[in-house]
Amino acid sequence: GGFGGGFCFSGVTTVNVFDKDIIEMRDLEIGDRVQVDNNGYSRLYSFGHYNKDTMGDFFQINHTSSTEQYRPLELSKDDMIYVQNKESFVPASTITVGDKLLLAYNNNNAKKDR
């Protein structure tokens with residue numbers, strides 16, 4: 001399933017939820033507090049266009065930190081993601097090998113590796 005219409009993230013994309021740890025987006029519930037930056041969480045008030053029965057096309061970003069490889073990030077090609085070395089949000093489809101992404105895994109930075 002996907003968070004679809006224009007789609008943003010796939011249901012298997014993971015997020016850090018306060019008092020729940022890392023979970024898949026398909027398991028999010030209204031009221032969950034999702035980590036939005038290094039120090040903050042934001043309460044989930046609604047799903048803009050979630051449909052568990054809809055299939056979508058997702059862009060997959062494989063990434064590693066200096067010590068670990070993580071499961072790929074899946075999002076739509078037009079979804080915006082922050083790139084540290086560009087100091088701005090850019091569409092996922094413009095990410096290139098070597099770009100530094102800000103991730104919530106143990107506050108590590110990661111580089112796109114493929």
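# Exercises on an all-strand model

Take the contacts in this protein between residues at least 6 apart in sequence: 35% of them join residues at least 24 apart (contact means heavy atoms within 4.5 Å). The model is predicted, with local features needing pLDDT of at least 70 and side-chain atom pairs pLDDT 80 or more, while totals for chains, interfaces and linings use all residues. Residues are numbered from 1 along each chain as its sequence is written, and side-chain values use heavy atoms, leaving out hydrogens and water.

## Exercise 1: Take stock

**Task.** Work out how many helices and strands the protein has, and what share of its residues is buried.

**Solution.**
- Step 1: Go through the elements. You'll get zero helices and 13 strands (DSSP runs numbered from the N terminus: H or I of at least four residues for helices, E of at least two for strands).
- Step 2: Sort by burial. Out of 114 residues, 34% are buried (buried is under 20% relative accessible area, exposed is over 50%, partly exposed is in between, with a 1.4 Å probe and protein chains only).
- Step 3: Look at the outside. The accessible surface is about 7,000 Å², and carbon and sulfur atoms own 47% of that (Shrake-Rupley method, 1.4 Å probe; for residues, only the protein chains shown count as cover).

## Exercise 2: Pair up the rings

**Task.** Find out how many aromatic pairs there are, and what kind of pair Phe-18 and Tyr-41 make.

**Solution.**
- Step 1: Fix the rule. Rings of Phe, Tyr and Trp (its six-membered ring) pair if their centres lie within 6.5 Å; planes under 30 degrees apart are stacked, over 60 edge-to-face, the rest tilted. That gives two aromatic pairs.
- Step 2: Check Phe-18 and Tyr-41. Their ring centres are 5.4 Å apart and the planes stand at 70 degrees, so this pair is edge-to-face.
- Step 3: Place them in the chain. Phe-18 sits in the loop between β2 (14–17) and β3 (21–24), and Tyr-41 belongs to strand β5 (residues 41–43), so the pair ties together parts 23 residues apart in sequence.
- Step 4: Ask about exposure. Phe-18 is partly exposed at 35%, and Tyr-41 is partly exposed at 36%.
- Step 5: Move to the pair of Tyr-82 and Phe-89. It's edge-to-face, with 5.2 Å between centres and 65 degrees between planes. Tyr-82 is partly exposed at 29%, whereas Phe-89 is exposed at 54%.
- Step 6: Go back to Phe-18. The charged end of Arg-33 sits over its ring, 3.9 Å from the centre (the test: NZ of Lys or CZ of Arg within 6 Å of the ring centre and within 35 degrees of the ring normal).

## Exercise 3: Look inside

**Task.** List the residues of the largest nonpolar core.

**Solution.**
- Step 1: Know what you're after: buried Ala, Val, Leu, Ile, Met, Phe, Trp, Tyr and Cys residues joined through side-chain atoms within 4.5 Å.
- Step 2: Collect them. The largest core has nine residues: Ile-61, Leu-73, Leu-75, Ile-81, Val-83, Val-90, Ala-92, Ile-95 and Leu-101.
- Step 3: Trace them to strands. β9 (73–75) and β10 (80–83) each give at least two residues to this core.
- Step 4: Zoom in on Val-90. Skip its neighbours within four places in sequence, and Val-90 touches Asp-79, Met-80, Ile-81, Val-83 and Ile-95.
- Step 5: Don't stop there. A second, separate core has seven residues, including Ile-23, Met-25, Val-34 and Leu-44.

## Exercise 4: Match the charges

**Task.** Say which residue Glu-24 forms a salt bridge with, and whether Glu-24 is buried or exposed.

**Solution.**
- Step 1: Set the cut-off: a side-chain nitrogen of Lys or Arg within 4 Å of a carboxyl oxygen of Asp or Glu. The structure holds five salt bridges.
- Step 2: Take Glu-24. Its partner is Arg-26, with the closest N and O atoms 2.6 Å apart. Glu-24 is buried at 16%, while Arg-26 is partly exposed at 46%.
- Step 3: Try Glu-29. It bridges to Lys-20 at 3.7 Å between the closest N and O atoms, and a network of salt bridges links Lys-20, Glu-29 and Asp-32.
- Step 4: Add Lys-77 and Asp-78, whose side chains meet at 3.6 Å, N to O, in a salt bridge. Lys-77 is partly exposed at 49%, but Asp-78 is exposed at 53%.
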